[in-house]
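Trainee: Please take one part of this model and look at it closely, then work outwards from there. I would like the contacts, the burial and the surrounding elements in one connected account.

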Amino acid sequence: MCDSLSHASYSATFSSLASKTSVSPPPLFPPSFKVPTFSPLTVKPLSSTFTPHAARVTTITTYAATSPSSVPSDASTTTFHGLCYVVGDNIDTDQIIPAEYLTLVPSNPAEYEKLGSYALIGLPSSYATRFIEPNEIKTKYSIVIGGANFGCGSSREHAPVALGAAGAKAVVAESYARIFFRNSVATGEVYPLESEVRICEECRTGDMVTIELGESRLINHNTGKEYKLKPIGDAGPVIEAGGIFAYARKTGMIPPQSK
């Protein structure tokens, strides 16, 4: 009973105080603050004479006309005829041109020729016939026939350059190390052709052979046999032009070399 009276008395007192003490929220802005007013935004249409900024205009310059006569052919009529030099599998770049001769600069004509005189000098003594005879700077073998993984080892560009400088026109192998294949195309020194069979086991050093790029075949005139080669494809015109930069200049991709 006493608890109920006490609770009722507390409630009545709290209600009386709350009614006397009403708290109103503060004004949003001080009395001296004036709220600015804005007029509606007016958008003017662009003038019909508007022109883009000159810096946005892009001009493409063509360095050379790419007429059919300026683009290298697909090498379909290219033919190589001469003696072949036969090697085995895994002929690496140290055998093609040893590291001690890499100081020679191919862009120097005299050193280019000297580099060629050392081509395949790294072959082991089991190769009784040398690619370049003593006291000679050029080879009499214009075609090199190899086995699998020809040109493996380091990525030196001197390897295909040395073969080309020596007088070789093409290499026919069962397969290539990728970097040697790419360097051959980029330098334009030799055609890296792939055979579909192991020609290195059926040809002998000194055999007279003919390569017909258009027909993708090799003919051994000593045995009378013909062998199918894999097409050289888009790499053919690049090699025929003399390498990637010469091809780019002939087709207008880069400006011609200044004289």
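Mentor: Leaving aside its neighbours within four places in sequence, Asp207 is in contact with Gly82, Leu83, Cys84, Asn220 and Asn222. This is a predicted model, and the values that follow are computed from it. Asp207 is found in the loop between β4 (191-194) and β5 (208-212). Its relative accessible area is 10%, and because buried means under 20%, Asp207 counts as buried. Among the contacts of Asp207 are Gly82, Leu83 and Cys84, and the range of β1 is 79-86. Asn220 is another contact of Asp207, and the range of β6 is 217-220.

Two other loops next to these strands have a backbone feature to note. Most residues other than glycine have a negative phi. Ser216, in the loop between β5 and β6, is not a glycine but has a positive phi of about 50°. Ser216 is buried, because its relative accessibility is 10%. Asn90, in the loop between β1 and α2, also has a positive phi, near 55°. At 44% relative accessibility, Asn90 counts as partly exposed.

From Asp207 the next step is to Tyr141. The two residues are 66 apart along the chain, and their C-alpha atoms are separated by 9.5 Å. Tyr141 belongs to one of the nine aromatic pairs that the structure holds. Its partner is Phe131, with 6.4 Å from centre to centre and 20° between the planes, and the pair is stacked. Phe131 lies in the loop between α3 (109-116) and β2 (141-145), while Tyr141 is in strand β2, so the pair links distant parts of the chain, although the two residues are ten apart. Both rings belong to buried residues: Phe131 has 3% relative accessibility, and Tyr141 has 5%.

A further aromatic pair is made by Tyr176 and Phe181. Their ring centres are 6.0 Å apart and their planes are at 65°, so this pair is edge-to-face. Tyr176 is buried at 12% relative accessibility, whereas Phe181 is partly exposed at 25%. Ring pairs also bring in Phe150 and Phe180, which with Tyr176 and Phe181 form a cluster.

Strand β2 leads on to the strands beside it. β2 and β3 run parallel and are joined by three bridges; Val144 stands opposite Val171 in β3. β3 and β4 also run parallel, joined by four bridges, and Tyr191 in β4 is the bridge partner of Ala170. In a regular strand the side chains alternate between the two faces of the sheet. In β3 (residues 170-173), Ala170 and Val172 point one way and Val171 and Ala173 the other, and all are buried. The connections between these strands go over helices. β2, α4 and β3 make a right-handed β-α-β unit, and β3, α5 and β4 make a right-handed β-α-β unit as well.

Helix α5 (residues 178-187) has Phe180, Asn183, Ser184, Val185 and Thr187 as its buried residues. Phe180 is thus both a buried residue of α5 and a member of the ring cluster. The cover over the buried residues of α5 includes α2 (93-96), α4 (158-166), β4, α6 (235-241) and α7 (244-250). Just after α5, Gly188 takes a positive phi of about 70°.

Gly188 also belongs to the lining of the largest pocket. That pocket is lined by 13 residues, and those nearest its centre are Ala186, Thr187, Gly188, Glu189 and Gly242. Its volume is about 290 Å³. The elements that give two or more residues to the lining are α4, α5 and α7. Of the elements, α7 gives the most, with three residues. Thr187 therefore appears twice, counting as a buried residue of α5 under the 20% cut-off and lying among the residues nearest the pocket centre.

Last, the setting of these parts in the chain. There are seven helices and seven strands, which follow one another as α-β-α-α-β-α-β-α-β-β-β-β-α-α. Of the 259 residues, 36% count as buried. Among contacts between residues at least 6 apart in sequence, 68% join residues at least 24 apart.

Key:
Residues numbered from 1 in each chain as written. Predicted model: local features only at pLDDT ≥ 70, side-chain atom pairs only at ≥ 80, totals over all residues. Heavy atoms only, no water. Buried < 20%, exposed > 50% of the residue type's maximum accessible area, 1.4 Å probe, protein only. Contact = heavy atoms within 4.5 Å. Phe/Tyr/Trp six-rings, centres within 6.5 Å; stacked < 30°, edge-to-face > 60°. Pairing = 2+ DSSP bridges. Right-handed = clockwise from strand over helix to strand, strands pointing away. 1 Å grid on protein atoms, 1.4 Å probe; cavity = no way out; pocket = protein on both sides within 12 Å on 5 of 7 lines; lining within 4 Å. Points joined across faces, edges and corners; volume = space filled by probe spheres on them.
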